[in-house]
Amino acid sequence: MNIRLMDSGKNVVLIFTFLVFLFGGCSSDNSKSGKNADTSGLSEDFNSEMDDDLVEKINTAKRIFYSLPSPLETAMLIKSAGASYNGDLLNKVENTSKYNTNLKMALNLGIYTTDLSYASLFDQSQATLSYINAAKKMADGLEILDAIDEATIRRLEENINNRDIIIDIISETLLNSNSFLEDKGLQNTSAMILVGGWVEGLYVATSLIAPGTDLKTNKLVERIVDQKLSINIVQSLLENNKDNPEAQLLMNDISELKKIYDKISIQQSEITPVEDPNTNITTLKSESTIVMSREVFDELTRKVKELRTRYIS
Amino acid sequence: MKRSLFVSILFVVFALFSFNASGQCKQFAKNTCKVGLAPYQHDGNYHAAVLLEGEEAELYKTFYSDTQYRIGICGANNLGEIEFSIVDGNGKVLYNNKFHGYEWKWDFKLDSSQQLKIVVKVPVTNGMADEPKEGCVAIMFGFKEK
């Protein structure tokens, strides 16, 4: 008897869910009246008791976001570290035809948008146009609608010598793509794109370190080491999608990378915030010391290259 | 049984309406929050969600030395003043906007790169109202070289 009751309860939930999907899913209206209408059939006492429970649950709920440096920020970090432009390091645009799976298209959308950002920050007009087209092919393949449309490309072409406008267009494109994935609940695809872009940033940066570079004083090396601070964010992003086999694959890759980063020590002093009353800009004052051997850096460089070679193959 | 069934139903309703609202959230983030980041360059990332009053959100991000940042936390008008704080890896609160008139943005730079946590709290405006208010909250970042 109990089992039958439970079954019937589940059916009610399923039917209700279907109806809400049918009507709610087609509606763009998020007004409270919609919710009132849906709950109006409940008795007042029950409603009140339920609301108390619900409000309590909501009050203890917590949304958690993980943020990796975007392709634009990554490119800026590479440039501000004094690095130069080397177009030979970037993924060839001809490779787009090779990427047919969701995983490969997502990883390479991240890779191409990082290449696009890197090229644009170094005023490489032709490369910028080539990489936005490559990124568009990946976005289209993933059905990320309107992330990069023809109008965006035309606007980019018309302003190809204006770096500020180009960067704005890239920023807008990233925002459109990220919000589309978020809205559609495609966090797994979003995580794969972010991982692709992050690994590409690491690949470009490690490849730009010439043999014999003094690792203790080089700013770009410091940026590469700083990524140790983000590796748990990468893991958390993938962990949230661990039921997906593609995310699981990437989790294994990132675990291998983390094992190498674990050999690098970053010691940080306490942070003291000091606000400049004239500019209202706060400086977070602290010191950090990095301890890393050349062997570990070389191992990291090799691992990054191995992952990136696999991602673009 | 009946009670848990109705609680489940209400959760489904909340989840679905939040999903519908997320499209509007993008426009809110773009038109209200992103614009206010200037003269800092928006990084292109998107962190926005429909939150209910009393709800909290956390965001983890690494910030780099030699870069100047602007964090912008924007909430829909019906939500009241959004509180946010910046917390370091040891749990030390480095900034809380409630001591700065609930300013929606904060500009900062770092001597050394750090992973920081941004904690966002949506205030409860009417105590335990029958129906909690909800609205879009966006967390956005702008940067420029120091």
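**Exercises on a helix pair and a strand residue**

In this predicted model, Ile231(A), Val234(A), Gln235(A) and Leu238(A) of helix H11(A) meet Ala247(A), Leu250(A), Met251(A), Ile254(A), Leu257(A), Lys258(A) and Tyr261(A) of helix H12(A), where contact requires C-beta atoms, placed from the backbone, within 7 Å, and helices (H or I, at least four residues) and strands (E, at least two) are DSSP runs numbered from the N terminus. These residues divide into nine nonpolar, one polar and one charged. Residues are numbered from 1 along each chain as its sequence is written, chains are lettered from A in the order in which they are written, and local features need pLDDT of at least 70, while side-chain atom pairs count only at pLDDT 80 or more and totals for chains, interfaces and linings use all residues.

**Exercise 1.** Determine how H11(A) and H12(A) are oriented to each other.

*Solution.* The axes of H11 (residues 231-239) and H12 (residues 245-261) of chain A come within 10 Å and cross at roughly 165°, the axes being lines fitted to C-alpha atoms over the stretch in contact, with angles from 0 to 180 degrees between N-to-C directions. The two helices are therefore roughly antiparallel, a term for angles over 145 degrees.

**Exercise 2.** Locate Ile290(A) and state its exposure.

*Solution.* Ile290(A) lies in strand S5 (residues 288-291) of chain A. With 16 other C-beta atoms within 10 Å, Ile290(A) is partly exposed, which means between buried (20 or more) and exposed (12 or fewer). Leaving aside neighbours within four places in sequence, Ile290(A) is in contact with Glu222(A), Val225(A), Ile264(A) and Ile266(A).

Methods. Angles under 35 degrees count as roughly parallel, over 145 as roughly antiparallel, 65 to 115 as roughly perpendicular and the rest as oblique. Two residues are in contact if their C-beta atoms, placed from the backbone, lie within 7 Å. Ala, Val, Leu, Ile, Met, Phe, Trp, Tyr, Cys and Pro count as nonpolar, Asp, Glu, Lys and Arg as charged, and the others, Gly among them, as polar.
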